[in-house]
Amino acid sequence: MADEKKEEEQLVIPDTLPLMPVRDVVIFPFMIVPLFVGRERSINGVDAALTKDRLIMAATQRDVTKEDPDPEDLYDSGTVCMIMRMMKLPDGRVKILVQGLTRAHIDSYVQIKPSYQVNITKVKEPAVKELSLEIEALMRNVREQLEKLASIGKVVFQEVMMVIDNIVDPGRMADLVAANLGLKIEEAQSVLDTLDPVKRLEKVNDYLVKELQVAQMQMKIQTQAKEEMDKSQREYFLREQMRAIKSELGDMEEATEEMEEFREKIAKSKMPSEVEKEAFKQCDRLEMMHPDAAEAAIIRTFLEWRVDLPWAKQTKDTLDLDKAKKILDEDHYDLEKVKERILEYLAVRKLQKKTKGPILCFVGPPGVGKTSLGRSIAKAMGRKFVRISLGGIKDEAEIRGHRRTYVGALPGRIIQGIKQAGTSNPVFMMDEIDKIGMDFRGDPSSALLEVLDPEQNNAFSDHYLNVPFDLSKVMFITTANMADPIPDALLDRMELLNIPGYTEEEKTEITKKFIIPRQIKEHGLTAKLFSIEDEAARKVIAEYTREAGLRNLEREIASLCRKVARKVASGKKEKTSITAANLHEYLGIPKYLPEAEQESDEIGVATGLAWTPVGGEILYIEATIMQGKGQLTLTGHLGDVMKESAHAALSYARSRAKMFNLSPDFYKNLDIHIHVPSGAIPKDGPSAGVTMAASLISALTKNPVNKDVAMTGEITLRGRVLPVGGIKEKCLAALRAKIKTIIIPERNLKDLEEIPKEMRKKVRFVMVKHMDDVLDVIFKKKAKGQAKPKKLKQERRKTHVRP
């Protein structure tokens with residue numbers, strides 16, 4: 001000890017040293033530690049130390065996760081170390097071997113970059129003058145505790161034990177034991193900060209006692225676990241012996257009966273030969289396993305799924321076309337195109353037994369009866385009906401199933417639906433196919449490509465079953481509100497059938513034939529207690545609902561039934577008749593005003609027609625002219641396509657300035673503002689081009705637009721009117737607004753065939769090729785001074801009127 005103190009006195013430690021932050025370790029005096037240095041500032045500190053006296057200050061980080069610690073992230077006390085060896089590694093790091101010399105306290109930080117430089121104060125420990133009996137006993141106790149810890153599994157090197165046996169300094173012993181005990185950073189730092197050697201050794205003794213108790217408890221747990229394992233193995237051997245004894249006595253009937261039952265079900269299920277072979281193989285595996293084995297339950301569930309699937313079970317199709325048509329007509333009004341497609345399929349099935357099931361996609365706004373139509377199709381064909389909702393699913397395993405290696409694995413929803421139906425040829429409806437999501441777990445829409453492909457789904461492979469299943473006999477029907485979100489590859493595999501909104505007359509008929517009788521029955525009423533006049537039903541449709549479908553209409557009728565049911569339940573037995581006059585007493589004031597709010601023709605206001613996912617809408621597009629500098633302002637939450645239509649309309653008006661008796665540079669001194677009301681609702685699409693041009697030209701020529709004319713169509717720079725979509729929905733919107741004249745592009749003439757004849761009789765359709773034709777229709781009189789078009793051009797653009 002005297003020699004060590006002498007060496008320490010001979011070593012001169014400067015007041016300023018490079019600092020190296022260390023992680024996961026507290027370096028004690030006289031401790032030799034290898035360190036890997038990778039941080040740039042630490043490497044610079046090592047280089048700085050090597051260029052001088054090889055001395056460096058080591059301080060431990062408080063937070064080991066911090067890559068670039070600040071001064072406040074380091075403990076204030078540490079150890080002055082001597083760099084004994086240094087080696088540069090290929091990956092840029094440096095490996096050093098350091099020996100702790102003495103404790104020191106960091107007074108201040110002289111430099112932060114490129115390396116830490118700190119002012120330190122060497123901490124002098126109080127000397128132990130003599131070893132009392134108490135200190136001697138404490139040192140002996142620490143030695144014995146450490147030996148016990150090493151004997152029950154703690155890794156303590158033999159060399160360390162030998163050094164501890166020869167140490168007579170309590171402080172030195174405390175540092176050496178603490179360095180080899182594997183203490184937490186906070187505990188080791190606490191030992192380093194304790195200067196009194198005896199108190200430091202007492203603290204280490206406390207940590208040693210705690211570590212010994214933890215090690216003894218760990219050993220006890222390991223012993224118990226081993227005993228449990230031995231017990232399980234003993235029970236396994238005993239069970240095997242019991243099994244052999246029962247086998248000798250003939251008591252193995254229960255397990256044998258289960259296996260025989262599985263084999264019988266496999267034989268009866270009429271699986272394909274390859275699938276049957278795999279099923280028998282799994283059955284043999286199950287028979288060889290112990291009943292309590294974990295894998296036995298997995299194989300048992302797997303076999304149950306295989307034998308329960310309807311591999312060859314089918315329902316016989318109802319091929320009586322008249323009966324099928326009658327069922328479809330009973331359940332749904334109109335929808336002739338869809339009904340015709342189903343009857344065509346049944347006709348083909350009658351002539352060709354092995355035809356593949358069609359894959360149909362019903363596209364239409366909410367509430368038009370897409371899902372209920374699928375149920376009626378199953379009823380008309382005499383098939384089972386299965387429905388799943390695809391809205392919001394993001395996991396491919398929802399379609400293809402999970403692999404059997406996962407805990408709680410199950411087949412996908414397609415196979416689950418087939419099992420639920422109990423036949424291999426159900427009508428399988430998949431709702432909301434346009435609302436499928438996608439994330440890191442896969443793309444369900446891509447998994448559906450195989451399901452909805454008639455050329456591939458005869459061997460659909462579910463991950464759980466891991467064998468092909470024939471889906472070619474299934475009639476798949478999908479539904480969507482819009483076709484745009486559906487991926488092109490998936491859309492290409494389906495036959496689209498558009499189901500647009502209903503006209504007011506169609507809604508009236510549906511209300512009389514379907515909704516009112518159903519709601520009367522559901523509310524416990526009878527025709528003797530409740531009735532609704534036709535005029536009242538029309539008023540409900542026109543003033544209390546505004547939708548393409550029927551859901552809100554059914555809710556309003558249900559509200560009427562509830563109010564009448566309350567009266568009947570209160571004792572009133574007289575019949576309640578709902579008329580147009582007393583309707584407001586039950587449903588309150590009308591929720592919607594008629595869309596045609598214009599009372600007179602106005603300058604700069606044109607009536608347009610728009611398509612929305614829930615049906616058609618009326619748009620009143622306004623344009624106003626002000627003195628200015630030629631600026632065009634567009635408002636109303638318009639999309640890029642709609643803005644481009646407005647610019648095209650202005651360019652057309654400028655190109656026809658002479659025709660409208662306007663100066664060629666009229667736009668330079670005017671500001672034009674085009675606004676589309678309902679500014680909070682986003683709007684986009686090309687079909688408002690004609691309407692924007694009409695409102696703009698009306699404002700420029702001071703000529704009012706006929707309020708009884710609605711229009712739709714895309715406009716080009718040269719004034720050509722191009723075709724647009726959603727003609728039926730737009731016509732329905734015009735009818736609701738009591739507008740009888742509709743201007744549509746001539747190339748949309750083919751779309752009129754989809755509009756019911758009753759509706760076509762009520763509307764005057766004007767087919768146009770050019771914007772000039774539109775102006776001839778919407779302006780009741782020529783603007784003052786407006787020039788007439790040349791006769792040659794007038795003959796070239798004939799306006800076609802279709803009643």
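Biologist: How do the residues lining the largest cavity divide into nonpolar, polar and charged?

Modeller: In this predicted model, the lining of the largest cavity has 7 nonpolar, 5 polar and no charged residues. The lining residues are Val22, Val25, Val26, Ile27, Ala58, Ala59, Thr60, Ser77, Gly78, Thr79, Gln189 and Leu192. Gly78 falls on the polar side because Gly is counted there.

Biologist: What makes this space count as a cavity, and how much space lies in it?

Modeller: A cavity is space where a 1.4 Å probe fits but cannot get out. About 40 Å³ lies in the largest cavity, and the structure holds 1 cavity of 30 Å³ or more. Strand 3 (55-60), strand 4 (77-88) and helix 6 (185-193) each supply at least two residues of its lining.

Biologist: Why are helix 11 and helix 12 described as roughly antiparallel?

Modeller: Helix 11 (residues 321-331) and helix 12 (residues 336-351) pack at about 155 degrees, with their axes 10 Å apart. Angles over 145 degrees count as roughly antiparallel, and this pair is therefore given that description. The crossing of helix 11 and helix 12 is right-handed. Helix 11 makes the contact through Leu321, Ala324, Lys325, Leu328 and Asp329, and helix 12 through Lys339, Ile342, Leu343, Leu346 and Ala347. By class, that contact has 7 nonpolar, no polar and 3 charged residues.

Biologist: Why are helix 18 and helix 19 called oblique to each other?

Modeller: The axes of helix 18 (residues 504-522) and helix 19 (residues 534-543) come within 10 Å and cross at roughly 125 degrees. Roughly perpendicular covers 65 to 115 degrees and roughly antiparallel begins over 145. The angle fits neither of these classes, and the pair is therefore oblique. Their crossing is right-handed. On helix 18, Glu504, Lys507, Thr508, Thr511 and Lys512 make the contact, and on helix 19, Asp534, Ala537, Arg538, Ile541 and Ala542. This contact has 3 nonpolar, 2 polar and 5 charged residues.

Biologist: What volume does the second largest pocket have, and which residues are closest to its centre?

Modeller: Its volume is about 670 Å³. Of the 27 lining residues, His332, Gly367, Val368, Gly369 and Ser372 are the closest to the centre.

Biologist: Which element supplies the largest share of the lining of the second largest pocket?

Modeller: Helix 13 does, with 6 residues. Helix 13 (370-381), strand 12 (475-480), helix 18 and helix 20 (551-569) each supply at least two. By class, the lining of this pocket has 9 nonpolar, 8 polar and 10 charged residues.

Conventions:
Residues numbered from 1 in each chain as written. Predicted model: local features only at pLDDT ≥ 70, side-chain atom pairs only at ≥ 80, totals over all residues. Heavy atoms only, no water. Axes fitted to C-alpha atoms, helices over the stretch in contact; angles between N-to-C directions. Helix = DSSP H or I, 4+ residues; strand = E, 2+ residues; numbered from the N terminus. Parallel < 35°, antiparallel > 145°, perpendicular 65-115°, else oblique. Left-handed = near helix turned anticlockwise from the far one by under 90°. Contact = heavy atoms within 4.5 Å. 1 Å grid on protein atoms, 1.4 Å probe; cavity = no way out; pocket = protein on both sides within 12 Å on 5 of 7 lines; lining within 4 Å. Points joined across faces, edges and corners; volume = space filled by probe spheres on them.
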